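Here are my notes on the model you sent, set out as numbered points so that each can be checked against the coordinates.

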Amino acid sequence: MKFLIIFVFMFNLHLFSSELNIQNVLKNMKWTGFSAEMQLNLKRGNKESLIKKMTVKALDTEDGQKILAMFTFPSNMKGMAFLAYCNKNLKDKRYIYLRALRRVKKVPANGDNFMLRDFLSLYLLKPRTELWNYKLIKEDSNIAVVEALAASDKTIEITGYNKLVLHIDKKRNIIEKTIFYGKDGKKRRIQKVLETKVINGVNFITKMETNDLDEGVKAEITLTNVKIKKILKKIFTTRYLKTL
């Protein structure tokens with residue numbers, strides 16, 4: 001009986017530590033909105049790197065998070081944009097604006113969407129605690145390794161992943177590395193932080209890299225001209241997409 005009590009206590013302490021680490025990450029990301037210029041350097045095998053550029057705006061509300069991105073380069077993608085609502089009630093919505101057709105198209109809010117799945121997996125939005133159950137794997141004075149398991153089938157549907165392994169830098173309170181596992185349990189993506197900058201008191205991630213193991217594509221992502229500020233809610237609408 002004594003052993004059982006100790007085991008239950010240690011198990012609960014383990015869960016508490018994982019939640020505490022995630023909450024510290026959320027506290028560090030103390031923005032309600034931001035805007036930035038984003039550049040992606042994409043490389044597939046030995047082929048020459050491709051460069052894509054876009055403007056990004058994000059907003060955090062009581063209901064969830066919103067993100068709007070518009071391509072500015074290359075010319076054949078310029079003006080193309082997408083909008084995502086990441087709702088705490090798991091009723092996510094996603095849209096793509098095709099400038100050539102002057103048309104906004106609603107796309108399924110699931111992990112099969114080729115562009116939004118990859119984009120939303122980057123370190124741009126705050127951790128979505130409604131999607132994952134967290135469990136501490138190991139911890140020392142500098143790093144906490146936390147396993148995030150899908151809270152329901154809805155998590156897998158929305159993200160395309162059923163598990164994440166998060167390496168949390170406890171001094172900076174950032175997720176410095178994430179390993180993504182697909183629906184089949186196989187490792188699909190590895191993502192790392194390369195650079196952070198303190199902007200308006202926020203330790204903001206300004207450079208990262210991601211390695212898509214399925215596609216064999218590596219990308220380095222750089223954010224510049226980052227502004228931590230309240231973003232007008234009215235721009236996160238399909239009506240606004242048509243004005244871009």
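**Notes on the predicted model**

1. E62 sits in the loop that runs between strand 2 (50-60) and strand 3 (64-73). Please keep in mind here and below that this is a predicted model. The relative accessible area of E62 is 75%, and because exposed means over 50%, E62 is classed as exposed. E62 and E48 are separated by 14 residues in sequence, while their C-alpha atoms lie 43 Å apart in space.

2. How many cavities of 30 Å³ or more does a search of the whole structure find? The search finds 1 cavity at that threshold, and the volume of the largest cavity is about 610 Å³. Its lining is made up of 35 residues, and those that lie nearest the centre of the largest cavity are L120, L122, L125, K126 and P127. Two or more residues of the lining come from each of helix 1 (2-28), helix 2 (116-120), strand 7 (132-139), helix 3 (153-159), strand 9 (161-169), strand 10 (174-182) and strand 12 (202-212).

3. On the chemical character of that lining, the residues around the largest cavity divide into 24 nonpolar, 7 polar and 4 charged.

4. Two kinds of backbone geometry deserve a look, and as background, most peptide bonds are trans and most residues other than glycine have a negative phi. The peptide bond that joins F73 and P74 is cis, with omega at about 5°. P74 itself belongs to the loop between strand 3 and strand 4 (81-87).

5. N173, which is not a glycine, has a positive phi, near 55°. This residue is placed in the loop between strand 9 and strand 10. Is N173 buried or partly exposed? With a relative accessible area of 22%, N173 counts as partly exposed, because buried would mean under 20%.

6. N225 also has a positive phi, of about 50°, although N225 is not a glycine. Where N173 is found in a loop, N225 lies in strand 13, which covers residues 217-228. The relative accessibility of N225 is 48%, so N225 counts as partly exposed, given that exposed means over 50%.

7. When you go through the model, I would suggest viewing these sites in turn: the loop that holds E62, the lining of the largest cavity with its 35 residues, the cis bond between F73 and P74, and the positive phi values of N173 and N225.

Technical notes. Residues are numbered from 1 along each chain as its sequence is written. This is a predicted model: local features need pLDDT of at least 70, side-chain atom pairs count only at pLDDT 80 or more; totals for chains, interfaces and linings use all residues. Side-chain values use heavy atoms; hydrogens and water are left out. Helices (H or I, at least four residues) and strands (E, at least two) are DSSP runs, numbered from the N terminus. Buried means under 20% relative accessible area, exposed over 50%, partly exposed in between (1.4 Å probe, protein chains only). On a 1 Å grid over the protein atoms alone, a cavity is a set of points where a 1.4 Å probe fits but cannot get out, and a pocket is an open set with protein on both sides within 12 Å along at least five of seven lines; lining residues have an atom within 4 Å of a point. Grid points are joined across faces, edges and corners, and a volume is the space filled by probe spheres set on the points. Ala, Val, Leu, Ile, Met, Phe, Trp, Tyr, Cys and Pro count as nonpolar, Asp, Glu, Lys and Arg as charged, and the others, Gly among them, as polar.
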